[in-house]
Amino acid sequence: MSTFKEILPEQIQDNPFKLIGKDWALVTSGTKDSFNTMTVSWGGVGVMWGKPVAFTFIRPQRHTFGFIENNDYFTMSFFDEEYRDALNFCGTKSGRDYDKPKETGLTPAFTEDGIPYFEQARLVLVCKKMYSQFLTEENVIDGEGVKKWYKDDYHKMYVSEITKVLVK
Ligand SMILES: Cc1cc2nc3c(=O)[nH]c(=O)nc-3n(C[C@H](O)[C@H](O)[C@H](O)COP(=O)(O)O)c2cc1C
């Protein structure tokens, strides 16, 4: 039984640097029948085009990438420290090889529109894609700090409207 309540984006109490960079998130996308989840620690929240938005950066090699590409929505689920092992698993193993909910014990939950997130999360952002674009080498300005991250494809950036915030 869900214990979430809905709040407005401006009511989120967390520090975004800690929330995304240190606590990490599970980005989950798909449908009830077919979805995937992966850990992210890059990204941001803020305002763009007059809307509350989340910025996420997903490499095209990720199994999750196809789900995000093929669906209008994804979620970002944030957890207490006790779920660190689950987030490590989801950040080092691919949904191509493992059933991540089964392996981690995380329980999928779905919004009334069928968008997947996780019951054990303490905070969930429902994100509706507004804009996406691959980062490119030619657009890098300060190359030294950036090149170490890339042997292959650059991330794709998604700017998404935060359409719902669920909190416990
Ligand atoms: C702490 C942490 C943060 C990560 N952040 C990102 C990220 O922001 N973007 C990304 O593309 N991959 C990120 N990853 C890597 C993916 O989570 C990882 O490749 C995952 O296994 C992909 O799963 P999938 O193939 O099922 O989609 C991160 C991994 C960890 C452990």
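## Strand 10 and Lys 164

Strands are DSSP runs of E of at least two residues, numbered from the N terminus. In this predicted model, strand 10 covers residues 156–167, and Lys 164 is located in that strand.

Lys 164 has a relative accessibility of 16% and is classed as buried, because the class takes in values under 20%. Apart from neighbours within four places in sequence, the residues in contact with Lys 164 are Glu 6, Glu 112, Val 124, Leu 125 and Val 126. Two glutamates, Glu 6 and Glu 112, are thus listed among the contacts of this buried lysine.

## Overall architecture

The secondary structure of the protein consists of five helices and ten strands. Its C-alpha trace extends over about 50 × 40 × 30 Å along the principal axes. The radius of gyration is 15 Å, in agreement with the value near 15 Å that a compact globule of 168 residues would have.

Of the 168 residues in the protein, 43% are buried. The exposed surface amounts to about 9400 Å², and carbon and sulfur atoms contribute 49% of that area. When contacts between residues at least 6 apart in sequence are considered, 72% of them connect residues at least 24 apart.

## Aromatic pairs

A pair of aromatic rings is described by the distance of the centres and the angle of the planes. The structure contains eight aromatic pairs. One of them joins Phe 79 and Tyr 83, with 5.6 Å from centre to centre and 55° between the planes, a tilted arrangement. Phe 79 is buried at a relative accessible area of 4%, whereas Tyr 83 is partly exposed at 21% relative accessibility.

Phe 89 and Tyr 98 form an edge-to-face pair, because their planes meet at 80° and the class requires an angle over 60 degrees; their ring centres are 5.3 Å apart. Phe 89 is buried, with a relative accessible area of 17%, while Tyr 98 has 34% and is partly exposed. In the pair of Phe 79 and Tyr 83, by contrast, the angle of 55° falls short of that cut-off, and the pair is therefore counted as tilted.

## A charge over a ring

The model also places a charged side chain over an aromatic face. Arg 84 lies over the face of Trp 24, at a distance of 4.5 Å from the ring centre.

How values were computed:
Residues are numbered from 1 along each chain as its sequence is written. This is a predicted model: local features need pLDDT of at least 70, side-chain atom pairs count only at pLDDT 80 or more; totals for chains, interfaces and linings use all residues. Side-chain values use heavy atoms; hydrogens and water are left out. Rings of Phe, Tyr and Trp (its six-membered ring) pair if their centres lie within 6.5 Å; planes under 30 degrees apart count as stacked, over 60 as edge-to-face and the rest as tilted. Buried means under 20% relative accessible area, exposed over 50%, partly exposed in between (1.4 Å probe, protein chains only). A charge sits over a ring if NZ of Lys or CZ of Arg is within 6 Å of the ring centre and within 35 degrees of the ring normal. Helices (H or I, at least four residues) and strands (E, at least two) are DSSP runs, numbered from the N terminus. The radius of gyration is taken over C-alpha atoms; the globule rule is 2.2 Å times the number of residues to the power 0.38. Contact means heavy atoms within 4.5 Å. Accessible areas come from the Shrake-Rupley method with a 1.4 Å probe; for residues, only the protein chains shown count as cover.
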